[in-house]
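Work through the exercises below with the structure open. Try each task before reading its solution.

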Amino acid sequence: MIELRNVSVVYPNGAEALKDVSLKINDGEFVFIVGGSGAGKSTLIKLLLKEISPNEGLVLVNGFNLNNLKKNKAHKLRRKIGFVFQDFKLINSMTAEENVAFVLRSIDAPVKWIRNRVPYVLSLVGLKDKVKRYPGELSGGEQQRVAMARALVNDPMLIIADEPTGNLDPTTSWEIIDLLQEINRCGTTVLMVTHEHEFVRHFGGRTIKINEGRVVFDDYI
Ligand code: ADP
């Protein structure tokens, strides 16, 4: 479902962010992407969303050959991808349920579907009793759960979690990774970018390490 073939990315200032990267991630996998600051992790994600195009090589996502996908059609691809960010990116003036419903409204989903789907995904992430709370009334872990409900609501094929535990204490972080793994067991592919080696060691699984733009490790640990 995700494939990079000999991909290189050079930014206009000459920075070589990815160098001859080839990798393949099948449907239903859970993959950790690790690497230090400046390794090329964000560049890899930007490629998958077609925010940028490779200078060389081929990028395939969910059956789309991104090299041939017009920039103005990229929203179709992004709709099938859910995101979870380090800083949650919730709208503070909206309740948990409004934050989740917002995604469906923006794609003109039927009102009845929104009414059923939103409480369902919020209960999946353990927030059944907090749907009317604003982000400011929720803990960091709970806010991240709202973000996960938002990522899930449109039934994505792929979830990209970019340092999802970066702002959370260790116990809450474990819970969030557990939840991501549970989502994965239900069939959604999950890519989790992290620099927390301890989590990777604990949970194990396929890990792709990037260093200075190259894949230097791709195996199960
Ligand atoms: P990571 O996410 O692993 O920290 P990035 O993908 O952001 O790494 O960056 C990889 C390399 O590309 C770094 O050397 C960085 O300085 C460079 N880079 C990233 N974004 C840009 C940009 N927009 N313009 C120029 N160079 C960039």
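Two exercises follow, on a predicted model.

**Exercise 1.** Describe the shell of residues around the ligand and the polar contacts made there.

Solution.
1. List the shell, taking residues with a heavy atom within 4 Å of the ligand. These residues are Tyr11, Asn13, Ala15, Ala17, Gly36, Ser37, Gly38, Ala39, Gly40, Lys41, Ser42 and Thr43.
2. Sort the shell by residue class: seven residues are polar, four are nonpolar and one is charged.
3. Assign the shell to elements. Helix 1, residues 41-48, contributes the most, with three residues.
4. Look for N or O atoms within 3.5 Å of ligand N or O atoms. A side-chain N or O atom of Thr43 is 2.5 Å from a ligand oxygen. From the backbone, a polar atom of Gly40 lies 2.9 Å from an oxygen atom of the ligand, and an N or O atom of Ala39 lies 3.1 Å from a ligand oxygen.
5. Turn to the surface: the ligand taken alone exposes 560 Å², and the protein buries 64% of that.

**Exercise 2.** Work out the strand order of the sheet, its edges, and where helix 1 packs.

Solution.
1. Trace the order. The sheet is open, and its four strands run 2-1-4-5 with antiparallel pairing.
2. Find the edges. Strand 2 (16-25) and strand 5 (64-65) each have a single partner strand, so each has one side without a neighbour in the sheet.
3. Check the pairing at strand 5. Two bridges connect this strand to strand 4 (residues 56-61), and the two run antiparallel. Asn65 in strand 5 is the bridge partner of Leu60.
4. Place the helix. Helix 1 packs on the sheet and touches strand 1 (2-10), strand 2 and strand 4. The direction of helix 1 makes about 120° with that of strand 1.

Notes: Residues are numbered from 1 along each chain as its sequence is written. This is a predicted model: local features need pLDDT of at least 70, side-chain atom pairs count only at pLDDT 80 or more; totals for chains, interfaces and linings use all residues. Side-chain values use heavy atoms; hydrogens and water are left out. A residue is near a molecule or strand if one of its heavy atoms lies within 4 Å of it. A polar contact is a pair of N or O atoms within 3.5 Å; within protein, one must be able to donate a hydrogen and the other to accept it, and residues adjacent in sequence count only if both atoms are side-chain atoms. Accessible areas come from the Shrake-Rupley method with a 1.4 Å probe; for residues, only the protein chains shown count as cover. Ala, Val, Leu, Ile, Met, Phe, Trp, Tyr, Cys and Pro count as nonpolar, Asp, Glu, Lys and Arg as charged, and the others, Gly among them, as polar. Two strands pair if DSSP finds at least two bridges between them. Contact means heavy atoms within 4.5 Å. Axes are lines fitted to C-alpha atoms, for helices over the stretch in contact, and angles run from 0 to 180 degrees between N-to-C directions.
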